[in-house]
Amino acid sequence: MKVDYYEMLGVTRTCDDKTLKTAFRKLAMQFHPDKNPGDTAAEAKFKELGEAYEVLKDPQKRAAYDRYGHAAFQNGGPGGGGGFRGDFGSSMADVFDDIFGEMMGQRRGRGGAASSNGRERGSDLRYNMEIGLEEAFTGKTAEIGVPTTIQCDECTGTGAKPGSAPKACPTCGGVGRVRAAQGFFSIERTCPTCQGRGQIIADPCGKCGGDGRLPEERQLSVNIPAGIEDGTRIRLAGEGEAGLRGGPAGDLYIFLSVRSHDLFQREGADLYCTVPVSMTAAALGGSFEVTTLDGAKTRVKVPEGTQSGTQFRVRGKGMTVLRSSQTGDLFIQVQIETPQNLNKRQRELLEEFQQTSSSDNSPQSTGFFARMKDFFEGLTD
């Protein structure tokens, strides 16, 4: 069973980036292979520390790990549609370089890790989408426009002018990494000449400027399943930015938010609403009709003597349950409405009722004031 990343680095789950980096620096120096020659246990520990830091230093990967643990990076992530991939996108050397690279006056550039042929994975993209509660209930297919980058058709993603080709970097010999001694450390860092790509482009493509990709707004179709909840993330693999110089594309993450509804409040698969009922209907009994989220009409019976706050349950009229044929329930809470703007006759009738009413007509208020009287009389005894 894998050790918890926070426990491995000796930090709390709420630690900031500076604390996280300091903790990793201390442990990495302790278990670095150059400081522990021939110690396979120290080497394995060093790799585990790098894996933990690579996840926790990235806000999106850290959020996924906080929610799903190690499962967030297995088999495409939870649910198969919104998780992060198990590939961290950088080597162990890249992780160590991120901490100690400043010793040599060099920092990694943006983007994914470069391979020996100069290709880099494209960046992941985020798209925020808001839908209504009705759309969350039924599901929908949405068409969205995403500003992204695509592979350059002029150079087919190589970044080099047609008819030419990238050349091996003279500084690193095409490896993309260089080594330098720093005290008792032998530090490997990204090549400053080719930025880790292992290649340089002497004659860049005139259309893309050597990047191998061009900006474009892509039109995509997104399937929103019925029953989806607020805050759900949908992953579209390969729909992020195109990679540099023919590298693989990143992923697109759709972050969904569900708008508040004017009538219904959602709690999981159940819906709640408040319905005003006249005083006479509550006293004498009656019924009212409500339109549920699926458009159907349901009649709710109000028993004689119903009190304000009474809740009625309508089974099967709540939200659709995600990837299921089940539905939640609808809970209706009645709110007794006191009559206003009385005419003379109405007032007379109410006054007559008041004169003839007894404690049996209002047992709750009668009981409350009786308990209050007993309480304060008890204080004076």
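In the predicted model, strand S8 and strand S9 (residues 252-258) run antiparallel and are joined by four bridges. Within this pairing, Arg233 stands opposite Phe255 in S9. The two strands belong to an open sheet of three strands, arranged in the order S1-S9-S8 and mixed in its pairing. Strand S1 (125-131) and strand S8 (233-236) occupy the edges, and because each has a single partner strand, one side of each is left without a neighbour in the sheet. On average, and with direction ignored, neighbouring strands of this sheet are turned by 25 degrees against each other. Phe255 also takes part in a contact of another kind, in that Arg126 lies over the face of its ring, at 3.7 Å from the ring centre.

Aromatic side chains were examined next. Four aromatic pairs are counted in the model. One of them is formed by Tyr6 and Tyr65, whose rings are tilted, with 6.1 Å from centre to centre and 45 degrees between the planes. Since Tyr6 lies in helix H1 (residues 5-9) and Tyr65 in helix H4 (residues 59-68), this pair ties together parts that are 59 residues apart in sequence. Both Tyr6 and Tyr65 are buried. A further pair, that of Phe24 and Tyr53, is stacked, the centres being 4.5 Å apart and the planes 5 degrees from each other. Here Phe24 is placed in helix H2 (residues 17-31) and Tyr53 in helix H3 (residues 40-56), so that parts 29 residues apart in sequence are tied together by the pair. Phe24 counts as buried because its relative accessibility is 0%, against a cut-off of under 20%, and Tyr53, at 4% relative accessibility, likewise counts as buried. Ring pairs also link Tyr5, Tyr6 and Tyr65 into a cluster. In addition, the charged end of Lys45 sits over the ring of Phe31, at 6.0 Å from the centre of that ring.

A final site concerns Thr292, which is located in the loop between strand S12 (286-291) and strand S13 (297-302). With a relative accessible area of 4%, Thr292 is buried. The side chain of Thr292 makes a polar contact with the side chain of Asp294, at a distance of 2.5 Å. When residues up to four places away in sequence are not counted, Thr292 touches Phe264, Thr298, Lys317 and Leu330.

Methods. Residues numbered from 1 in each chain as written. Predicted model: local features only at pLDDT ≥ 70, side-chain atom pairs only at ≥ 80, totals over all residues. Heavy atoms only, no water. Phe/Tyr/Trp six-rings, centres within 6.5 Å; stacked < 30°, edge-to-face > 60°. Buried < 20%, exposed > 50% of the residue type's maximum accessible area, 1.4 Å probe, protein only. Lys NZ or Arg CZ within 6 Å of the ring centre and 35° of its normal. Polar contact = N/O pair within 3.5 Å; in protein donor to acceptor, adjacent residues only side chain to side chain. Contact = heavy atoms within 4.5 Å. Pairing = 2+ DSSP bridges. Axes fitted to C-alpha atoms, helices over the stretch in contact; angles between N-to-C directions.
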